[in-house]
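Before reading on, please look over the sequence and the structure shown below. The report then takes up pockets and nonpolar cores in turn.

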Amino acid sequence: MLYYITGFNDVGFRNPDMITPNIDKLANEGVIFDSAYVLPVCSPSRSAFMSGIYPFKTGLQHIVIGPAQNVCLPLNLTILPQQLKKVGYATHIIGKWHLGFCNWNCTPTYRGFDSYLGYYNADEDYYKHTIGGFYDLHENETPGWNFNGKYSAYFFAERAQHIITNHSAEQPLFLYLPFQNVHAPIEVPPKYANMYPYVRNWGRQNFCGMVTILDEAIGNITQTLKDKGMYEDTLILFTADNGAELIAYGNNWPLRGGKHTLWEGGTRVTSFMSGYGLQETGITHTGILHAVDWMPTLIGAAGAEQVPGIDGINQWDSIRLNQPSKRTEFIYNLDDFYIPTQGHAGIRMGDWKLLLGYPGSIDGWYEPMNDTKDTPLTMNIFPNTGDSPARLFNVIADPRELKDLAADFPDIVQNLTARINEYRQSYVKANYPKPLQIAVDKAKQNGGVWSPGWC
């Protein structure tokens, strides 16, 4: 099972103000990852999870896939569910896809999933399931109109429970659950927000409620696994797909920045594993893990054949045996778009992190917005300066990125820049076209529903 969750400081095992007993129990009984990294926004991270390939090699490194863009995760790639099906897995996805839908071949049930309930895009209303004026809740290849008016976390959990209850224990199961929570817009049934009376900021209070309803859903699914007798044989992976969105009341304290940036707050995320196969539990694993590693790691845990030529590393033995990570470096992102909205370039090698040029939109360090007023955020103004300036941090000694050491260690800056330039040899230009009117026309033709079939 693979879930997405929330900000670095938005779970109870890091922040005691958060009410997440089910997540906390799973984390504390499993392996918490202290250095798990993703991309600074969702489509690039999801592409890395599914393919094991850095987004700068697939053209998905810039912002996210918009509803009217004729873009999807390249169809020549073998992705995680396709590989698991080769060894007999049933595969299901419930939640947010956000890897393109302009052609039916881009959509989940054409890319290895047996069933699909969820959104093609992002930012949907949690009850109306609309984005950009059109409906975006889909059940396999048809609109999910019967869910209109229902809060998504409720029926996503119910669908997961239904799949588990009706699943044959003789067949292995891969259940991918990228919940809508806690993405904007900030919406939650009032009873969950009211569980945080000490939070006086409306947005933060409702955001916290969104985390808690997610935790309740996870608890219900976990109980169903136990009732079915499958829990002891289930491996659960939790990961966020980017740092918390600070303007939407998420929190990454004590890390710098958030979503849309290459700072640690945008890329170092809450993640853990729990369940079957883990030999040492109740521990924190400090080794480096990256989003591209999850595909080969889950394939390794499943005993399936690895996909050759990917960037990801099979970390299953490192995790289950609490051994050192097999990864010593990774690319935060490479984006040469005129305005690289989420940051231009960055690399981690060992203890060192180098950022080149624009680091992303929001800077600074922020505690949770528990007071009445929103905390003012520091916004970076984009300078079109390419690789300048260079910023260097020792993120082991200085995980908050407080002290830029570039002037003190020019040789390290030079070596890491050279390594970035090596990665640039496999760079693919960002596939980020202008929105197409034909996508809107297709939605209108299909009863006001975002639909494939226009590219």
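What follows describes a predicted model, beginning with its pockets and ending with its cores.

## The largest pocket

The largest pocket holds about 530 Å³ of space. Its lining is made up of 20 residues, and those closest to the centre of this pocket are Tyr 89, Leu 173, Asp 233, Thr 234 and Leu 235.

Two of the elements that each give at least two residues to this lining are the strand β9, which covers residues 173–177, and the helix α8, which covers residues 294–302. The largest share comes from α8, which supplies three residues. When the lining residues are sorted by character, 15 are nonpolar, four are polar and one is charged.

## The second largest pocket

In the second largest pocket there is about 450 Å³ of space. Its lining counts 37 residues, and nearest the centre of this pocket lie Lys 96, His 183, Ala 184, Asn 242 and Lys 259. This lining consists of 17 nonpolar, 13 polar and seven charged residues.

## The nonpolar cores

The largest nonpolar core contains 85 residues, and the members that touch the most others within it are Phe 33, Met 273 and Leu 392. Helix α10, spanning residues 410–423, makes the greatest contribution to this core, with five residues.

If residues up to four places away in sequence are left out, the contacts of Leu 392 include Trp 352, Leu 354, Leu 405, Phe 409, Ile 412, Val 413 and Leu 416, and also the charged residues Lys 353, Lys 403 and Asp 404. Separate from the largest core is a second one of 37 residues, with Phe 147, Ile 164, Ile 218 and Leu 225 among them.

Technical notes. Residues numbered from 1 in each chain as written. Predicted model: local features only at pLDDT ≥ 70, side-chain atom pairs only at ≥ 80, totals over all residues. Heavy atoms only, no water. 1 Å grid on protein atoms, 1.4 Å probe; cavity = no way out; pocket = protein on both sides within 12 Å on 5 of 7 lines; lining within 4 Å. Points joined across faces, edges and corners; volume = space filled by probe spheres on them. Helix = DSSP H or I, 4+ residues; strand = E, 2+ residues; numbered from the N terminus. Core = buried A, V, L, I, M, F, W, Y, C linked by side-chain atoms within 4.5 Å. Buried < 20%, exposed > 50% of the residue type's maximum accessible area, 1.4 Å probe, protein only. Contact = heavy atoms within 4.5 Å.
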